[in-house]
Amino acid sequence: MSLDIIDHPNEKLIQNTNFWQLIDQLNQQNNFSEFYGVSFVSSIKFIEKYLLPRFQKITLILGLTDNGKNSISKRIDQLLNKRKDVVQYSYDHPDSQFTHRLLDGSLQLFFTKKELIHTKLYLITNDEKYSAFSGSMNLTEAAVKRNMEQLVWDYGLKNDPLFQCYQDLFKINQDHAVTYINAKKLKGYLNAKDREELQVNILHDTAINLNNNENATEKDVVILPSEEIKKYRDKYSKDQEYKKLSEQEKVTVTQAVTLFGDGGYKRRKLDTIGHDLYTLTQKITHRYKKAKNDEQKIEKEEDLFPRPVMFYNHGQMFQSAKIGDNLPSQVITSDLSEEQLKNALQLFCDIAHEYDTYKDVGEGWQACDFILFLYESPWLWKIRNIYELAGKGKAREDVPIAVALIGQGRTGKSTLGKRLAAKLIGANNFLDSGMFDPKNYALGKRNINMTITDTLSDYMYINGPVSPLMIDDVSPDLTTRNYFEKFIKEITNNRNLTHPLPSFIFTMNRRESSIKSQFSLKPEIIRRLWYLSFESTFSGNEEQREAALTNLFNRANDDLFKYCQVELAKFFANVSTDDAKNIEQDFLYPIKKVLKSALDQFDMYHLIEKYFSDNYDYSLFVGHNDWTMLINQASVTNKDITFIRQNNRLKAQINKKLFIVNCNNNLNTFV
């Protein structure tokens, strides 16, 4: 360690100085009681070890960490997460000097809110005298013990003009700082009933005080320029860039996406932002630890259940963090303005049209029906009861308890059923089938299909939750397993009137050449598990398609979902005889009625009307859709399809590249 101090008044260089020994000598001689510091970085342990025992009053300003082009990542991390760590230390150590001093106000922490400071200034005073140190040294163990550092030391009386200069310099830094934590705020935080509620509250408070307006004058508002946020979001929205990031960097990227829109501007609706930020942080951290640490195994199925979870109770829909959490549940509400509702409805229409206009064969029908199922899924148990009482010709089994998006690869199934679906219901709870691999379980499992079935069974029999459990890339042959058929029949055949019950959602990749791509077409399965086929690939300019899909994904939110839950609660509170008859004809009638009424307010129903006329029927499309797709994709000029006369019969020769199958010849011949 080498700390050289210039004794300015005496024009003397003091080499290899022990900083704290010098401070102790000055305290013995002058009884300095107050410490004012500006440091690029420091830590709780450092403050507890070196500052608290030496000074009765401490005011410390810490700087935003600079990381060059990634400074936004570092700033978001420190503002949201490092602040959370500081408060949690006090929560976990209520009897520590650090906590006591914060609570009695003798320790005040500030944080630079805009500029990336490099100031290092330490001012110690008593009633009459002062000593001031400025230079390169931060308040860290490395700085005082290992680094080569230098400080300039001034001292004298507090009525000296130079002391006023140091005071002014400290005030300039304080004017550019935000309250990191104070006694009043900390006292409120420490009343949290558990660590989860604590973190949610801190994240919420911090997020509310973030701002894009560089002219904002409020004391505790933190400025994050929109142009910097936009560049940061745009860069890491690319999967290849995101994959390079560490766990914490992924957390901050996702936090930025949650807080700020496409243009880098702070989102308006932040009612549940603390909860949202906490949930995504836990999810990313859990995934990262599981991927990095073989000991992080799944011990119980509850770890895979949706979070947040919705549940039904006494005619109302509630939302909580996850099953087993102690956070208070909240009734789902919706207070959309006319503009917000119109935007949400436009998003709904745009998603359906995306799957209609950008495909070789339009599949907007399927996309629309999937979203309708998604929005109505928390109320399907009510519809099953209506079917049960409908008399002959109808049974509760006619209301599907699940939906499966099936088809070839690269047809948009996961984009719709995973990325968009999670955002559209605000759950972020889509699982990948690979998570069900036996090696991921602490106690082991028999096989992936069996494990998926067991997990679904465990979730379906929990009383209350109605959030759909969603699993991506399920092997289609799951539906052919006897144990899956037994499970799905058992859960739907119970002759007692159903209680609140969740649903589940699959995406399935079908490969014609694979035996595992076979799925059950038994009537008893099809009526309970609704197949939506996605076979056609996207067409047109690839960049335009990607831009359109990215736009949809960035706009996606749960505004319309919450609106529909509120309106469906009103609908099912008083189902008329006519409504019941309409429901018997179409199990999606309730959600169609709610959305039609909303669309009519803005004269938008015509945009989506054709998809509301009937429900998608896989049995009608299982062959027809494939051939329509092939013909639409065929290039006559390149002779993908040619016709020849053979034995007085006209036959078509079709190029094998139109099929996603393995074959030995270039041409397949069909009558």
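User: How do you know that α1 reaches close to the span expected for a helix?

Analyst: In this predicted model, α1 has twelve residues and reaches 16 Å from its first C-alpha to its last. The expected span is 1.5 Å times one less than the number of residues, and for α1 that expectation is 16 Å, close to the span found.

User: Which residues of α1 are called buried, and what makes them so?

Analyst: Buried requires under 20% relative accessible area. In α1, the residues that qualify are F19, W20, L22, I23, L26, N27 and N30.

User: Why are the buried residues said to line one face of α1?

Analyst: Seen down the axis of α1, the buried residues fall within an arc of 155 degrees, so they line one face of the helix. The face turned away from this buried side carries Q21, Q28 and Q29, which are exposed, the term for over 50% relative accessible area.

User: Against which elements do the buried residues of α1 pack?

Analyst: Their partners are β1, α2 (44–51), β6, β7, α5 (141–145) and β8. Contact here means heavy atoms within 4.5 Å. The helix α1 (residues 19–30) lies across β1, β6 (121–125), β7 (129–135) and β8, and runs at about 165 degrees to β7.

User: What makes the approach of N18 to W20 at the start of α1 a polar contact?

Analyst: A side-chain oxygen of N18 reaches to within 3.2 Å of the backbone nitrogen of W20. The cut-off for such a pair of N or O atoms is 3.5 Å, and the N18–W20 pair is within 3.2 Å. Just after α1, N31 takes a positive phi of about 55 degrees.

User: How do you know that β1 and β8 pair, and in which sense?

Analyst: Pairing needs at least two bridges. Strand β1 (residues 2–7) and strand β8 (residues 148–157) have six bridges, in the parallel sense. One of the bridge partnerships links I5 to L151 in β8.

User: Why are β16 and β19 placed at the edges of the sheet of five strands?

Analyst: The open sheet has the order β16-β17-β18-β15-β19, with parallel pairing. β16 (430–432) and β19 (529–533) each have a single partner strand, so one side of each is left without a neighbour in the sheet.

User: What makes β17 a partner of β16?

Analyst: Three bridges join β16 to strand β17 (residues 469–472), and the two run parallel. At least two bridges are required, so the three between β16 and β17 suffice. F430 has M470 in β17 as its bridge partner.

Technical notes: Residues numbered from 1 in each chain as written. Predicted model: local features only at pLDDT ≥ 70, side-chain atom pairs only at ≥ 80, totals over all residues. Heavy atoms only, no water. Helix = DSSP H or I, 4+ residues; strand = E, 2+ residues; numbered from the N terminus. Axes fitted to C-alpha atoms, helices over the stretch in contact; angles between N-to-C directions. Buried < 20%, exposed > 50% of the residue type's maximum accessible area, 1.4 Å probe, protein only. Arc of directions from axis to C-beta. Polar contact = N/O pair within 3.5 Å; in protein donor to acceptor, adjacent residues only side chain to side chain.
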